[in-house]
Amino acid sequence: MNNPFTGTTTACYHCGEDCGTEPIQAYNKNFCCEGCKSVYEILNKTGMCDYYAINNNPGNSQKIKVRHNQFAFLDDESVQKALTVFKDSTQTHVTFYLPHMHCSSCLWLIENLHRLNENIISSKVNFTRKEADIVFNHSQTSMRKVAELLTSIGYEPYISLQNLQQQKPRINRSKIYKLGVAGFCFANIMLLSFPEYLGIDDKEKNLINLFRYMSVLLSLPVVLYAATEFYNSAFKSLRHKYLNIDIPIVFAIWVTFIRSMVEIFTNTGSGYLDSMCGIVFFMLAGRILQDKTYEQLNFDRDYTAYFPIAVSRINNNKEEIVTLPNIQLDDTLLIHHQELIPADGILTKGKALIDYSFVTGESLPIEKQMGEMIYAGGKQLNSNIELLVIKEVAQSYLTKLWNRSTFKVAEQKAKHSFVDALSRYFTWIVFAIAAIAGLYWYIHDVSKLWQAVTAVLIVACPCALLLSNTFTNGTILRRLGKNNFYLRNATTIEAIAKVDYIVFDKTGTLTTGRYENITYNGIPLTESLKIKIATLTAQSTHPLSKAIVQWLKASGSTKITGYREVPGMGIEGMVEEEWIAIGAKQFITKEEAGADDASTVYLAVEGTTIGKFIFKNSYRPGLHGLSKQLQKKYALAVLSGDNSGEKSFLQTLLGFKAVTLFHQKPNDKLQFIEQLQSQGHTVMMVGDGLNDAGSLQQANVGIAISENSNNFTPASDVILDAAQLHHLPAFIQLAKANRWIIMTAFAVSIIYNIIGIYFAVQGTLSPMIAAILMPASTISIVCITYGLSNLYAKKLKLK
């Protein structure tokens, strides 16, 4: 058993954690545990200690030992098939999620796995997604051995039930291909057009015609293939009787193409094929920029991403591995320390200490005794327990909670973008100008009618508006992503800008879930008494007992006799001839506990209560600044499944106008959001657990808080790194700036349109002017949106 007390501080050479008073010394270095020492030995033996040269203490703590047969389920062919990306006669490709990957040393080590196992052919890291694509020779090694190797060096793969059930998405590179085709054709048509624009000799008529016909051939792949991205969107819009921005874009493409064909084949001009290809190219580039920003993240999560892929089952007194879909009624499951409860059942063996914080929001773990019911979704914090399954996984409380119809309502939270409405009005204005120009030339000079009408439609199409929208959205999405604020899509930007009411979950959102803020009220503790209390509490595995040990910082230990622990109540024992008891109010004082006593531990010596430890959640840094900024512009509320012990603190933090509700069940949170929306509010919900899943989906904007070490976040519109929560006001401000930047860029494009229309309605717009005007408008829009977006982000002190 490791010494629980901290004395002098010695950093572990591998992970940097405190080694305590008795560090393990080897190779003239200090290690906090045998696990960290073992990892160093593996790397040292294979000559890979460059790992430590890239970053100081780059490894992860190995104090938690990986149990025997933890990855035995990877020997199951059905599991292997679900995880395999590609397989041939010799090679298997697999992708593992590695949540402990955190620095450049991690990347270097994982990409050098072949030096640790020669049967691993290659390993490539996607650092953003914390994934490793590994190729190994399956005739010489196995998927299980690869997982065990990763775990042995501190990068345990996270494999969930979602991996077993989900269908592998087909990689869609169609937009990239279309962009490449459009770019190639655009560049070459521009080259072929320059000689004519710059005044090629009239004697080279054959050369002019050749260039024109070559341009026609190059334009066909753009019209028939690259532009299909907009055809599909426009068709879907018309099918739903809605005019989106892609409809006038498609119209502009075909008007440009048809007029160009008429001019070229009637030998009356060179057309506008370069401008048409430029429109398609730049619009595709803008959309790809948006897609690339958020394609790294999975916003659609369900409970299967939280569940393990397999657990241990007791069969004929032997332990075996069973995948979750194969768990049946009356099975006896063996649940290990820190393992998730996969199905509702009755405790038949062992002492259970269950953390339900992710399901209910209640931060304190609950002790269960034999014969009591345990629900799926909790995590066992104590030693091994056995559980008799009374409901299959598909019928468990957690599964039903997620699958509730109210949680799965496919509500259209994001309304149509203001850009769609603006482009629609702009399109009708352009049509009106074209009609007026056509009517004028029909009366005065019919020969100029076709040229004037088509020129207006070409020059004044809403392409600039679409470009300003896509490039602004793309730049802002990228900026927010650099600050670990990941949006599901670009329409979420507008939804954020409209928010007027912000609702927070408490446990795991405003707080870290760790008890680091402890105060003691009572008779002052002597150093010797601190040692006695620390010795007593060190015998318990309860999180509050562990927190007291750390808080006391007592060095040394004493003898204990007559130790007794009453589950859910407290502990007591004779410590050096002094009877010490510590626990709940009922256990120590025999009085009923009030609401404020839920997070309080009382202390008694020789039967006399001498004080109490008051536990407060550790709140995330920067919350005071966050609440101060939000109070000025938004109505605020806190919904918590926890007790009301910290109501006064939260009221002071968020302002006395803020709503604070406690003991809130998932359905209570959902109904609160619905009530606000019925009153006309646009609601943002910020939460982290499964208990927030319904409210996150119901809110106009749902933000899921994610810790670096946690793979699972509920379905949401936004995923936010917990460490960046204090930057939420800046993120909202940048989202609000989105509309202003788009309108500014659009105003500039209007100036170009006015110039173009001035020539177009006169029927004198030459290919030369069109060739200059269209690219100039496009380039200026890109520069304006990119520049203003980055300038505003810097103003808000974002990366």
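This report covers two helices, one sheet and the internal cavities of a predicted model.

**Two helices**

Helix H1 covers residues 34–45. At 1.5 Å a residue, its 12 residues should span 16 Å, and the end C-alpha atoms are 16 Å apart, so the two values agree. Helix H9 runs over residues 228–239. H9 also has 12 residues, and its first and last C-alpha atoms are 16 Å apart, close to the expected 16 Å.

| Helix | Residues | Number of residues | End-to-end C-alpha distance | Expected span |
|---|---|---|---|---|
| H1 | 34–45 | 12 residues | 16 Å | 16 Å |
| H9 | 228–239 | 12 residues | 16 Å | 16 Å |

Which residues of H1 are buried? They are Gly-35, Cys-36, Lys-37, Val-39, Tyr-40 and Leu-43. These buried residues pack against two strands, S1 (24–26) and S2 (29–31). They also pack against helices H2 (51–54), H4 (104–110) and H5 (143–152). Gly-47 follows H1 and has a positive phi, near 70°.

In H9, the buried residues are Thr-228, Glu-229, Phe-230, Tyr-231, Ala-234 and Ser-237. Lys-241 comes just after H9, with a positive phi of about 55°.

**The seven-stranded sheet**

Seven strands form an open sheet with mixed pairing. Their order is S16-S28-S27-S26-S17-S24-S25. The edges are strand S16 (485–487) and strand S25 (659–661). Each edge strand has a single partner, so one side of each has no neighbour in the sheet. From one strand to the next, the twist averages 15°.

Strands S26 (residues 683–687) and S27 (residues 701–706) run parallel and are joined by four bridges. Val-686 has Ile-703 of S27 as its bridge partner.

Helix H24 (residues 666–678) packs on this sheet. H24 touches S17 (501–505), S24 (635–639), S25 and S26. The direction of H24 makes about 175° with that of S17.

**Cavities**

Rolling a probe the size of a water molecule over the atoms shows where empty space is left. The count here is six cavities of 30 Å³ or more. The second largest holds about 100 Å³ of space.

What lines the second largest cavity? Its lining has 14 residues. Ser-193, Glu-196, Arg-212, Ser-215 and Ser-270 lie nearest its centre. Helices H7 (174–197), H8 (205–226) and H11 (273–294) each give two or more residues to the lining. H7 supplies the largest share, five residues.

Note on methods
Residues numbered from 1 in each chain as written. Predicted model: local features only at pLDDT ≥ 70, side-chain atom pairs only at ≥ 80, totals over all residues. Heavy atoms only, no water. Expected span 1.5 Å × (residues − 1). Buried < 20%, exposed > 50% of the residue type's maximum accessible area, 1.4 Å probe, protein only. Contact = heavy atoms within 4.5 Å. Pairing = 2+ DSSP bridges. Axes fitted to C-alpha atoms, helices over the stretch in contact; angles between N-to-C directions. 1 Å grid on protein atoms, 1.4 Å probe; cavity = no way out; pocket = protein on both sides within 12 Å on 5 of 7 lines; lining within 4 Å. Points joined across faces, edges and corners; volume = space filled by probe spheres on them.
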